[in-house]
Amino acid sequence: MSPPIVIAVFLILSSIAYYFGRKRSFDVLHSKEGIKSLHSRPTYYGMFAALWCGIPGLLIVGLWIIFEPIIITHLILSDLPE
């Protein structure tokens, strides 16, 4: 897969995580405990979920893009006959 497609997938997954994180905080807000059970605004919970979804994946993809030529070259050269 090309890097722009992978990055787009991570952005879509982060957007979904934002939606569900925000929705979950609104569900807690409208529950029996109400506003006392939330520490921050619902948008912050959504952003926190989106960051925890997107940043690790983007770091892994970034590391793969950096080290891919080295790893592939090493694997190919190790399989060549003498």
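**Entry 1: a patch on the surface**

I began with the surface, where I found a nonpolar patch of about 1,100 Å², made by Leu63, Trp64, Ile65, Ile66, Phe67, Ile70, Ile71, Ile72, Leu75, Ile76, Leu77 and Leu80. I noted for myself that I am reading a predicted model. From the patch I picked out Leu77, and I located Leu77 in helix 2, which covers residues 42-79. Is Leu77 buried or exposed? I looked up its relative accessibility and found 55%, so Leu77 counts as exposed, because the exposed class takes in values over 50%.

**Entry 2: the chain as a whole**

Next I stepped back to the whole chain, and I listed its secondary structure as two helices and zero strands. How far does the C-alpha trace of the chain span along its principal axes? I wrote down about 70 × 20 × 15 Å. I then looked up the radius of gyration, which is 20 Å for the chain, whereas a compact globule of 82 residues would have a value near 12 Å. For burial, I found that 18% of the 82 residues count as buried. The accessible surface comes to about 6,800 Å², and I noted that 73% of this area belongs to carbon and sulfur atoms. I also checked the contacts between residues at least 6 apart in sequence, and of these 61% join residues at least 24 apart.

**Entry 3: Ser14**

I turned to helix 1, residues 3-29, where I found Ser14. Its relative accessibility is 11%, so I put Ser14 down as buried, because buried means under 20%. Which residues does Ser14 touch, if those up to four places away in sequence are not counted? I listed Ala50, Cys53 and Gly54. With Ala50 I could add a detail, since the side chain of Ser14 reaches the backbone oxygen of Ala50 at 3.4 Å.

**Entry 4: Leu51 and Tyr18**

I then looked at Leu51, which is found in helix 2. Its relative accessible area is 44%, so I recorded Leu51 as partly exposed. I also looked up how Leu51 stands to Tyr18, and although the two are 33 residues apart along the chain, their C-alpha atoms are separated by 8.4 Å.

**Entry 5: Ser25**

Back in helix 1, I looked up a second serine, Ser25. With a relative accessible area of 3%, Ser25 is buried. Leaving aside neighbours within four places in sequence, I found Ser25 in contact with Leu38, Pro42 and Tyr45. I noted as well that a polar atom of the Ser25 side chain lies 2.7 Å from the backbone oxygen of Arg22.

**Entry 6: the salt bridge**

Last, I looked for charged pairs. How many salt bridges does the structure hold? I found one, and in it the side chains of Lys23 and Asp27 meet, at 3.5 Å from N to O. Side chains of opposite charge can pair when their charged atoms come close. I placed both Lys23 and Asp27 in helix 1, four residues apart, which is about one turn of the helix. As for their exposure, Lys23 has 38% relative accessibility and counts as partly exposed, and Asp27, at 41%, counts as partly exposed too.

Methods:
Residues are numbered from 1 along each chain as its sequence is written. This is a predicted model: local features need pLDDT of at least 70, side-chain atom pairs count only at pLDDT 80 or more; totals for chains, interfaces and linings use all residues. Side-chain values use heavy atoms; hydrogens and water are left out. Patches are made of residues with over 30% relative accessible area and no salt bridge: like charges are joined within 9 Å, nonpolar side chains (Val, Leu, Ile, Met, Phe, Trp, Tyr) within 5 Å. Accessible areas come from the Shrake-Rupley method with a 1.4 Å probe; for residues, only the protein chains shown count as cover. A salt bridge is a side-chain nitrogen of Lys or Arg within 4 Å of a carboxyl oxygen of Asp or Glu. Buried means under 20% relative accessible area, exposed over 50%, partly exposed in between (1.4 Å probe, protein chains only). The radius of gyration is taken over C-alpha atoms; the globule rule is 2.2 Å times the number of residues to the power 0.38. Contact means heavy atoms within 4.5 Å. A polar contact is a pair of N or O atoms within 3.5 Å; within protein, one must be able to donate a hydrogen and the other to accept it, and residues adjacent in sequence count only if both atoms are side-chain atoms.
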